[in-house]
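This briefing goes through selected contacts in one protein model. Please keep the sequence and the 3D view open while reading.

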Amino acid sequence: MPATLTHQVFPTAEDASAALATEIETLVRVRASENRPVVLGLATGSTPIRLYSELAQLHRMGLSFANVITFNLDEYLGLERSHAESYWQFMHFSLFDHLDIPPENIHIPDGTIADEDLASYCAGYEAAIREAGGIDLQVLGIGHNGHIGFNEPGSLPEVATHVTSLNEITIRDAARAFGGAEFVPTRAITMGVRTILDARRVVLMAFGTSKAQVVSEALTSEVTADLPATYLHNHQDATFYLDEEAASMLSQG
Ligand code: F6R
């Protein structure tokens, strides 16, 4: 059985988010005292919104994020930055507009890259992560189909940043935000499973009853491409931060 993937259950999503915000705060402070940067891998979606509010609050209380470098997991292909549903918009609205991270330290895959340039663009994204020193802490959510980033069921573990086609469950989940499934982009740029596993620490957050089943399967299943979150069993320091609802299908004790 897989052994290394741990989980922590918090009373609420707010508690889980506050715990992760405190961990990030400590990392930022320690690195600042050493004159070193912190490299964070960040996710979009509904799950990290409370975490991002907590980080904004920490900044209002005086914490500087000037030594932070960020890399986002993914972006829809075909969306301009200015599109209301682009992850660029989401990240600026929910986080970056409220912090003092230098703009040049912020990396979000560019959804407007032409097809013929995508391979070199993805290689460049990986190179930028390496040049920054690698990801210290990767924040993840989990899709109802078990995806991490946009690594959909069937994704292989050795793949780095790449272009992927979105699975029908992912498109269905995004349909409301886009005003209909027909308006959801069908492709995205995403960090690969390899990129995620290369992070020094990974925290996957999952909240609410709708995630209970996939969380239970991810924590108990053997490693399988059918459920990409199971690849985290192969990571030395990966943890699920759950609220009680998302943990409700885990067996006790
Ligand atoms: C987001 C991402 C996705 C989401 C996942 C959960 O950048 O890569 O894997 O983390 O789809 O989405 P929410 O949090 O909206 O349930």
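Glu 75 is buried, because its relative accessible area is 2% and the cut-off for buried is under 20%. The model that shows this is predicted. Glu 75 belongs to strand β4, and the points below begin with its surroundings.

**Glu 75 in strand β4**

- Setting aside neighbours within four places in sequence, Glu 75 is in contact with Ser 86, Tyr 87, Trp 88, Ile 108, Pro 109, Gly 111, Ala 188 and Ile 189.
- Glu 75 and Gly 149 are 74 residues apart along the chain, and their C-alpha atoms are separated by 9.3 Å.

**Aromatic pairs**

- A pair of aromatic rings is described by two values, the distance of the centres and the angle of the planes.
- The whole structure contains seven aromatic pairs.
- One of them is formed by Tyr 76 and Tyr 87, with 4.8 Å from centre to centre and 45° between the planes, and it counts as tilted.
- This pair links distant parts of the chain, since Tyr 76 is in strand β4 and Tyr 87 is in helix α3, 11 residues apart.
- Tyr 76 counts as buried because its relative accessibility is 5%.
- Tyr 87 also counts as buried, because its relative accessibility is 12%.
- Tyr 76 forms an aromatic pair with Phe 178 as well, and this one is edge-to-face, with 5.2 Å from centre to centre and 90° between the planes.
- Phe 178 lies in helix α5 (residues 168–178) and Tyr 76 in strand β4, so this pair ties together parts that are 102 residues apart in sequence.
- Phe 178 is buried because its relative accessible area is 11%.
- Which residues form one aromatic cluster? The members are Tyr 76, Tyr 87, Phe 150 and Phe 178.

**Helix α3**

- Helix α3 covers residues 87–94, and its buried residues include Tyr 87, Met 91, His 92 and Ser 94.
- The buried residues of α3 pack against two kinds of element: the strands β2 (38–42), β3 (68–72) and β4 (74–76), and the helix α2 (49–60).

**Helices α1 and α2**

- Two packed helices are described by the angle between their axes and the distance between the axes.
- How do the axes of helix α1 (residues 13–33) and α2 cross, and within what distance do they come? They come within 8 Å and cross at roughly 50°.
- That angle makes α1 oblique to α2, because it falls outside the ranges for roughly parallel, roughly antiparallel and roughly perpendicular.
- The crossing of α1 past α2 is right-handed.
- On the α1 side, the contact is made by Ala 13, Glu 14, Ser 17, Ala 18, Leu 20, Ala 21, Ile 24 and Glu 25.
- On the α2 side, the contact is made by Arg 50, Leu 51, Glu 54, Leu 55 and Leu 58.
- Sorted by type, the residues of the contact of α1 with α2 are eight nonpolar, one polar and four charged.

**Ile 24 in helix α1**

- Ile 24 is placed in helix α1.
- Ile 24 is buried because its relative accessible area is 1%.
- Not counting residues up to four places away in sequence, Ile 24 touches Leu 40, Leu 51, Leu 55 and Leu 137.
- Between Ile 24 and Leu 40 there are 8.8 Å in space, C-alpha to C-alpha, and the two are 16 residues apart in sequence.

**Two buried threonines**

- Is Thr 47 buried or exposed? Thr 47 counts as buried, because its relative accessibility is 10%.
- Thr 47 sits in the loop between β2 and α2.
- Leaving out residues up to four places away in sequence, Thr 47 touches Met 205, Ala 206, Phe 207 and Lys 211.
- Thr 164 is in strand β7 (residues 162–165).
- Thr 164 counts as buried because its relative accessibility is 11%.
- Leaving out residues up to four places away in sequence, Thr 164 touches Phe 150, Thr 186, Arg 187, Ala 188 and Thr 190.

**Helix α7**

- In helix α7 (residues 212–220), the buried residues are Ala 212, Val 214, Val 215, Ser 216, Ala 218 and Leu 219.
- Among the elements that cover these buried residues of α7 are β1 (6–10), β9 (201–206) and β10 (238–243).

How values were computed: Residues numbered from 1 in each chain as written. Predicted model: local features only at pLDDT ≥ 70, side-chain atom pairs only at ≥ 80, totals over all residues. Heavy atoms only, no water. Buried < 20%, exposed > 50% of the residue type's maximum accessible area, 1.4 Å probe, protein only. Helix = DSSP H or I, 4+ residues; strand = E, 2+ residues; numbered from the N terminus. Contact = heavy atoms within 4.5 Å. Axes fitted to C-alpha atoms, helices over the stretch in contact; angles between N-to-C directions. Parallel < 35°, antiparallel > 145°, perpendicular 65-115°, else oblique. Left-handed = near helix turned anticlockwise from the far one by under 90°. Nonpolar A, V, L, I, M, F, W, Y, C, P; charged D, E, K, R; others polar. Phe/Tyr/Trp six-rings, centres within 6.5 Å; stacked < 30°, edge-to-face > 60°.
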